[in-house]
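Visitor: I would like to learn how to read a ligand site and the empty spaces inside a protein. Can we go through an example?

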Amino acid sequence: MALRRVGRPRATGTRYEQQLMKTILDGSMTIGVVGLGYVGLPLALEFSKSGIRTIGIDVSKEKIKSLQAGKNYIQDLDDKEVHHVVKKSKMLTATADFTACALCDVIYVCVPTPFTPNKDPDISHIVHATEGIAKHMKKGQLVILKSTTFPGTTEKYVKPILDTTGFKCGKEYFLAFSPERIDPGNQTWTTKNTPVVVGGMTPACTDVAIAVNRRVINEVVPVSSPAVAETEKLLENIFRSVNIALVNELAQLCDRIGVNIWEVVDAAKTKPFGFMPFYPGPGIGGHCILIDPYYLSWAAREVDFVTNFITLAAEVNESMPFYVRAMIEREIAKQPVTLKKARVLLLGMAFKRDVDDLRHSPALKVAELLVEDGIENISYFDPYIPTVDVHGRTLTSKKNLTAAYLKKHDVVVITTDHSSFDIDMIVKNAKVVIDTRNATKDVAGPRRNIVLLGDGK
Ligand SMILES: NC(=O)c1ccc[n+]([C@@H]2O[C@H](COP(=O)([O-])OP(=O)(O)OC[C@H]3O[C@@H](n4cnc5c(N)ncnc54)[C@H](O)[C@@H]3O)[C@@H](O)[C@H]2O)c1
């Protein structure tokens, strides 16, 4: 791969580019981060920790209030570090006021990119944030969009808004797309040691964006345009969605043919090349893998192209909570209790292990389906999620999971395999355990009460 020369002022660059590059390299720049959620706050912390003045901007008054008090609200971040950069080193300040953009040399945009009820992209947060930036923009600034989105967003939606300033892109202001790869809960791959991709609107845009990313990220990979960077991010997530769908489909097949899918995947992964293990489960969730594929299939429709893999993967993955519902209702039917009266306990409500993120959680979808079927006694336990709203009913998690509480339920379902769960205790005390994650794989003793998704029984 050809890495262009970066890291010192380009002799051919405009004076704005040279000034910006200088402030980036000598560390005197001010960073702005618009959107202080799972992506924005870790990034703001990384810059402020390294001694770079950072201003966080968010529309959420609650988040700003919390940060101004030095209080962290993102699970993976160290409370003490957040407190230190706000209250001690004072390298991080937080505000809801977009006029602060005028004080920044580089502005990252890390706002949500959800979908509409019809699963079309909703880039309104990007548009609002960019309008806020444009209002207070000055010459010589760099804007880096990090929100995951469809190819063309940076060029066709963000740039025209910034162009309303009358400044010239690549000469008087700079614009790039650099997708986020953070994996909440992952202790090995962090903001610092996970390589990032950067695609600028012009070579000058790419160069300054690489230089600023290099201040806090070990490896930066340039690509030829924002659209390449936007598409590569979608490929990463679609790759996961398609492979998870494949094992989810095979799990359903294995249940019919008497083969254990977990054993199949474990055997396949002994191949040292050309195979990467993915595991079945109750469905996919979170703000990325479920949503992002739809961004590309929507963009494809505009050019009369049908993304069959994406659609098929979504169909299979989104059918999984329905499959789990059928497993639960089958187990209830074996007991002397009606659906209405059955007591079902869901273990784990977050969308994946050891995180406090409920967005699009398949466990929540399972709970909703059970309520729709008239099951009135649904409870859940999740140390990370204190309450959930299921079709207008607020459920509250127990503080502790006890043997007596497990025994009270007709069916216990492991929906999310948090590592703090005492699986032996669960299996010992529950009447029936429906395991959608293979969390019971190491249970010593008898497995008579375990019903495992995809084990072929
Ligand atoms: N969470 C992840 O693991 C992850 C990983 C990779 C990429 N992404 C992508 O990064 C983007 C952000 O995701 P997130 O998980 O951090 O979302 P989030 O909801 O946790 O945080 C977004 C923040 O933006 C704020 N916001 C919304 N509109 C705003 C506006 N107009 N101006 C200022 N602030 C505004 C919200 O109040 C919120 O605090 C999304 O596009 C997502 O797909 C997320």
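Guide: We will take the ligand site, then the cavities, in this predicted model.

Visitor: Which residues come nearest to the ligand?

Guide: A residue counts as near if one of its heavy atoms lies within 4 Å of the molecule. Here 27 residues surround the ligand, and the nearest are Val39, Asp58, Lys63, Thr113 and Thr148.

Visitor: What is the chemical character of the shell around the ligand, divided into nonpolar, polar and charged residues?

Guide: The shell holds 13 nonpolar residues, along with 9 polar and 5 charged ones. Helix α5, residues 124-135, gives the largest share of this shell, with 3 residues.

Visitor: How do I read polar contacts, and what is the distance from the ligand to the side chain of Asp58?

Guide: Look for pairs of N or O atoms within 3.5 Å. A ligand oxygen is 2.6 Å from a side-chain N or O atom of Asp58. The side chain of Thr113 also has an N or O atom 2.5 Å from an oxygen of the ligand. At Val59 the partner is a polar backbone atom, 3.5 Å from a nitrogen of the ligand.

Visitor: How much of the ligand does the protein bury?

Guide: The ligand taken alone exposes 830 Å², and the protein buries 91% of that area.

Visitor: Now the cavities. How many of 30 Å³ or more does a search of the whole structure find?

Guide: Rolling a probe the size of a water molecule over the atoms shows where empty space is left. In this structure the search returns 2 cavities of 30 Å³ or more.

Visitor: What volume does the largest cavity have, and which residues line it?

Guide: The largest cavity contains about 70 Å³ of space. Its lining includes Leu43, Lys146, Glu180, Arg181 and Ile182, and also Thr190, Thr191 and Thr194. Pro195, Val196 and Ile217 are further lining residues of this cavity. By class, the lining of the largest cavity has 5 nonpolar, 3 polar and 3 charged residues.

Visitor: And which residues line the second largest cavity?

Guide: That cavity holds about 40 Å³. Among its lining residues are Ser241, Ile284, Ile289, Leu290, Pro293 and Tyr294, together with Ala314, Asn317 and Glu318. Its lining divides into 6 nonpolar, 2 polar and 1 charged residues.

Visitor: Which helices each supply at least two residues of that lining?

Guide: Both α10 (292-301) and α11 (308-333) do so for the second largest cavity. The largest share of its lining, 3 residues, comes from α11.

Notes:
Residues numbered from 1 in each chain as written. Predicted model: local features only at pLDDT ≥ 70, side-chain atom pairs only at ≥ 80, totals over all residues. Heavy atoms only, no water. Polar contact = N/O pair within 3.5 Å; in protein donor to acceptor, adjacent residues only side chain to side chain. Areas by Shrake-Rupley, 256 points an atom, 1.4 Å probe, with all protein chains shown as cover. Helix = DSSP H or I, 4+ residues; strand = E, 2+ residues; numbered from the N terminus. Nonpolar A, V, L, I, M, F, W, Y, C, P; charged D, E, K, R; others polar. 1 Å grid on protein atoms, 1.4 Å probe; cavity = no way out; pocket = protein on both sides within 12 Å on 5 of 7 lines; lining within 4 Å. Points joined across faces, edges and corners; volume = space filled by probe spheres on them.
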